[in-house]
Structure formats: structure tokens, C-alpha cells
Amino acid sequence: MALAHRHLTIRRDAHSGEVLARGGDPEAHGILERTGFVPVVRIHETYHRLPTGLDPVEETRLATRAVARLQAVGYSLESDPGFATERREPHYPTLGDQVAHLATRIREAENTAEVAEALTELTAAHDGILAALGEVLDAVADFYQGLLQPAELYTANERYSVAKDSLAFLRSDVQTIRTHLADQQAAHPDRSPCPQEVAVDEREKSVSCPCPVPTRIPTPPAAAAPANRRR
């Protein structure tokens, strides 16, 4: 990771008065967003700002907390004096981290059954991740619709319908892949346990064995006997 991506600035903009965070990598952006910042995507740059409508005391609290969280995981920061702190706030694994662990399981899987088992966490009808995501969208729609004026409801319902249809398509597609893998019952040809043996039809170990070839330590030559040794 480039050092530039480990550096951020958190300052109050002199022109707009907004508290802005610039720099960092996706991990830093996730920390900022969990601290209350919202992303701003422009043609030439992406940065984060605090929500509008906050009072200065709350802005300072959130900016200082962001500094503490980012410092705790090793980011370099430049901030306004009012946001500086020596505090380090622990950063705990998130729900997203737990879901992403499924990718690790799939990358390490040796057969189709192990991948199908991991995908079940996504597709399970009652308590799978995609079913839970559908419940989240339902809850957001219910809440959001209560805030809107009648003229805005049609547009909101259209957006919600598209989101639900996309989720249903995704869930069906992943379920099809999971079913195919569960029925296939096959080992991945490049991830089978290494037999530590060379196949009889192979000329080189590197062709058939994925394990690294052991490094041979050269045996030091025996010391030569003195040329004029007396008997």
C-alpha cells in the first residue's frame, strides 16, 4: 500500500465551513463513514464531509473521534488543532468483515461442497445474508416514505422497486450457482491436498506438486588435508 494512501487530512474548509476529510484508502474511508462522515464523489476526486445541520460542538466531537480511530490503526493525520487528540480508539471487526470472510473460505476451498456451504450463508431462505438485506431494504423504505411529501412518493417507490428486483435477481443467480456446486461434488484441480509425490507420467515435480520445492542447504566441502603432512 502506497504511503500516500495511509495519510489523511481532516480540516474545516475555509470557504464552505464544512469539516472535510481527504486522502486515505478504502479501510480509512470505512472508518470515516462509521464515524458519521458521508462520501462526496466528484469527477476529479472523492472525499468525505460531515452531514449538514450539525452544531459545531457535534462536528468537533465526530472529527476528533475520527482522528482517534484512524490513529489507532496506524494512519498519519493532519488536522485542525481543535480535532487533534492523543487518544486511540480501538477498531473492531465489522459485519462487513465477517461477510468478507466468506470470500476467504471460498478462496481456500478444496471442493465444490465447501464453496456451496459458504454460499448457503448468502442464500439461506430464512436467515441468509441476502434475505436479511431484503428486510433492511423494507425497513428503510417504511422509514423513508414517512418523511416524504406525496409528490415524492412515486419516485421513492420506483427506486425501492428497482432495488428489490435487483436483489431478487442476485439471490436467484447465487442460489443457482450454489445448487450447481452442491450437485457437482468435485474437487478443485488446483487445490487438492498435496500428495508430496510426483505422478508417474510427470518429469518434473513442479508440474504436479503445488508445494514449494524444499530449499537444499549445500553441504560444506570437507577440509583438505595438509599437503606436507608427515606420517
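These legends accompany close-up views of a predicted model of one protein chain.

**View 1. The whole chain, with seven helices and five strands.** Welcome to the overview, a good place to get your bearings. Along the sequence, the elements follow the pattern β-β-α-β-β-α-β-α-α-α-α-α. Of the 231 residues in the chain, 23% count as buried. The accessible surface of the chain comes to about 16,800 Å², and carbon and sulfur atoms contribute 56% of that area. Among contacts with a separation of 6 or more, 50% join residues 24 or more positions apart.

**View 2. An open sheet of five strands in the order 3-4-2-1-5.** Here we turn to the sheet, whose pairing is mixed. Strand 3 (38-41) and strand 5 (76-79) each have a single partner strand, so they stand at the edges with one side lacking a neighbour in the sheet. On average, neighbouring strands of this sheet are turned by 25° against each other, direction ignored.

**View 3. Strand 1 beside strand 5, running parallel.** This view follows one pairing within the sheet. Strand 1 (residues 7-12) is joined to strand 5 by four bridges. To find your way into the pairing, look for Thr9: its bridge partner in strand 5 is Glu78.

**View 4. Helix 2 lying across three strands of the sheet.** Helix 2 covers residues 56-72 and lies across strand 1, strand 2 (19-23) and strand 5. Relative to strand 1, helix 2 runs at about 170°.

**View 5. Helix 1 and helix 2 in a right-handed crossing.** Helix 2 appears again, this time with helix 1 (residues 26-34) as its companion. The two axes come within 9 Å and cross at roughly 145°. On the helix 1 side, Ala28, Ile31, Leu32 and Arg34 make the contact, meeting Ala66, Arg69 and Leu70 of helix 2.

**View 6. Helix 4 and helix 6 in a left-handed crossing.** Our last stop is another helix pair. The axes of helix 4 (residues 112-123) and helix 6 (residues 150-184) come within 8 Å and cross at roughly 155°. Angles over 145 degrees count as roughly antiparallel, so that is how helix 4 runs relative to helix 6. From helix 4, the contact is made by Thr112, Val115, Ala116, Leu119, Thr120, Leu122 and Thr123. Helix 6 contributes Arg171, Val174, Gln175, Ile177, Arg178, Leu181, Ala182 and Gln184 to this contact.

Notes
Residues numbered from 1 in each chain as written. Predicted model: local features only at pLDDT ≥ 70, side-chain atom pairs only at ≥ 80, totals over all residues. Heavy atoms only, no water. Helix = DSSP H or I, 4+ residues; strand = E, 2+ residues; numbered from the N terminus. Buried < 20%, exposed > 50% of the residue type's maximum accessible area, 1.4 Å probe, protein only. Contact = heavy atoms within 4.5 Å. Areas by Shrake-Rupley, 256 points an atom, 1.4 Å probe, with all protein chains shown as cover. Pairing = 2+ DSSP bridges. Axes fitted to C-alpha atoms, helices over the stretch in contact; angles between N-to-C directions. Parallel < 35°, antiparallel > 145°, perpendicular 65-115°, else oblique. Left-handed = near helix turned anticlockwise from the far one by under 90°.
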